[in-house]
Amino acid sequence: MKIELIDLIEIRLPLVRPFRTSCGTDTERHTFLLHVVTDAAEGWAEFGGDPGPVYSSEFAANAERVLRDHLVPRVTALHRPSAARIAAAMSPIKGHRMAKALLETAVLDAECRAHAMPLATYLGAVRDRVPAGVSVGIMDTIAELLESVSAYLEQGYVRIKLKIEPGWDIEPVRAVRREFGDELALQVDANAAYSLADAEHLRRLDEFGLVQIEQPLDEDDLRGHIELSKLLRTPICLDESIRSAREAAAAIGLGACRIINIKPSRVGGYLEARRIHDVCAAHGIPVWCGGMLETGIGRAQNLALAALPGFVLPSDISASSRYYTEDLTDAFQLDNGCLPVPDQPGSGVTVLPAALGRYAVSTRKLYERGSAR
């Protein structure tokens with residue numbers, strides 16, 4: 001397989017409603033896609049970061065530059081690029097996992113399409129449907145929160161995740177538990193909004209029988225998570241703290257968490273995500289797939305990953321309508337609390353040219369075979 005063309009396409013899709021977390025409020029999905037054309041097939045991938053370094057130190061302009069100046073030249077210099085080979089080619093570049101994930105995923109998508117193989121099959125999926133959870137942002141009022149949760153449950157979501165921050169935690173969780181009962185699978189996500197000094201306050205969440213509390217402390221505060229896990233009955237799930245299989249093994253071995261959220265873009269791509277899954281499975285640690293407000297492109301690829309055997313908890317892979325009035329692919333729709341795993345070659349979805357035309361802001365060529373840089 002030879003790479004002929006690599007385009008970066010900036011997109012802006014309005015969200016159906018603002019999505020607020022402890023990191024800020026999103027009103028649109030402003031990111032970029034990578035389109036890789038080879039002599040055998042084409043591949044697509046979606047950048048998992050944001051325009052600014054708020055959720056992560058990586059951000060769009062930073063990723064574009066490292067792709068253009070460092071990663072793309074190394075990968076296109078390979079005689080026969082493949083997903084299994086390009087990680088080694090990119091490894092001399094330190095960090096930049098989201099940019100690496102983008103390029104690896106687009107090549108992997110093209111490679112699977114060239115061999116008429118679904119991405120789910122390549123990764124080792126064992127299911128054709130994935131239970132769907134939904135992430136509920138921070139609201140202005142508890143009444144608004146309850147109305148929103150009720151609507152999602154009516155749509156069929158099997159798990160509710162509440163975003164929390166200091167000042168919006170105990171009372172919202174209590175209200176949701178009281179309104180919808182103890183049978184509701186309920187968890188919270190702090191996005192690193194607390195410190196170990198808040199341990200006594202966070203212990204108050206134990207009374208609500210939560211599935212987990214996700215990333216309560218800073219991503220680099222592994223010691224704090226170890227100490228907090230000793231104080232809470234509620235299982236701690238690590239998200240931003242886990243960037244590789246090695247870090248997952250360390251966190252598990254040190255007792256920093258009992259659950260791990262795997263976001264492929266955060267860990268450098270689907271191949272490293274599968275390695276993290278394997279490490280967790282070997283240690284009996286349940287995993288689930290986190291979301292980054294993906295369009296149908298990233299959503300399809302996440303579904304392929306979430307169909308692996310160790311993903312035993314509902315993932316943050318919602319129906320397209322959760323975020324968008326119109327998606328860039330055919331819409332994913334909820335069916336009895338689950339989403340179907342695409343079974344066509346590659347990611348199994350087709351980018352719709354008309355929709356892409358409506359939401360593309362600009363296109364920039366990162367590589368064209370035979371052209372001078």
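A residue counts as buried here when its relative accessible area is under 20%, and the close-up views below, which all come from a predicted model, use the word in that sense.

**View 1. Asn191, a buried residue with a positive phi in the loop after β7**. Asn191 lies in the loop that runs between strand β7 and helix α7, the latter covering residues 199-203. Its relative accessibility is 8%, and Asn191 therefore counts as buried. Although Asn191 is not a glycine, its phi is positive, at about 50°. Most residues other than glycine have a negative phi.

**View 2. Gln215, a buried residue in the loop between β8 and α8**. Gln215 is placed in the loop that links strand β8 to helix α8, which spans residues 222-231. Gln215 is not a glycine, and yet its phi is positive, with a value near 40°. With a relative accessibility of 0%, Gln215 counts as buried.

**View 3. The open, parallel sheet of seven strands**. The strands follow one another in the order β5-β6-β7-β8-β9-β10-β11, and their pairing is parallel. The edges of the sheet are taken by β5 (133-136) and β11 (287-289), each of which has a single partner strand, so that one side of each is left without a neighbour in the sheet. Within the sheet, strand β7 (residues 186-189) pairs with strand β8 (residues 213-214) in the parallel sense, over two bridges. Val188 has Ile213 of β8 as its bridge partner.

**View 4. The packing of helix α9 against helix α11**. Helix α9, made of residues 245-254, packs with helix α11, made of residues 270-282, at an angle of about 25°, and their axes are 8 Å apart. Angles under 35 degrees count as roughly parallel, and the two helices α9 and α11 are therefore roughly parallel to each other. Their crossing is right-handed. On the side of α9 the contact is made by Ala245, Ala248, Ala249 and Ile252, while α11 contributes Glu272, Arg275, Ile276, Val279 and Cys280. By character, the residues of this contact divide into seven nonpolar and two charged, with no polar residue among them.

**View 5. Ser265 in helix α10 and its contacts**. Ser265 belongs to helix α10, which covers residues 264-267. Because its relative accessibility is 12%, Ser265 counts as buried. When its neighbours within four places in sequence are left aside, Ser265 is in contact with Gly48, Arg97, Met98, Ala101 and Met292.

Note on methods:
Residues are numbered from 1 along each chain as its sequence is written. This is a predicted model: local features need pLDDT of at least 70, side-chain atom pairs count only at pLDDT 80 or more; totals for chains, interfaces and linings use all residues. Side-chain values use heavy atoms; hydrogens and water are left out. Axes are lines fitted to C-alpha atoms, for helices over the stretch in contact, and angles run from 0 to 180 degrees between N-to-C directions. Helices (H or I, at least four residues) and strands (E, at least two) are DSSP runs, numbered from the N terminus. Angles under 35 degrees count as roughly parallel, over 145 as roughly antiparallel, 65 to 115 as roughly perpendicular and the rest as oblique. A crossing is left-handed if the near helix is turned anticlockwise from the far one by less than a right angle, and right-handed if clockwise. Contact means heavy atoms within 4.5 Å. Ala, Val, Leu, Ile, Met, Phe, Trp, Tyr, Cys and Pro count as nonpolar, Asp, Glu, Lys and Arg as charged, and the others, Gly among them, as polar. Two strands pair if DSSP finds at least two bridges between them. Buried means under 20% relative accessible area, exposed over 50%, partly exposed in between (1.4 Å probe, protein chains only).
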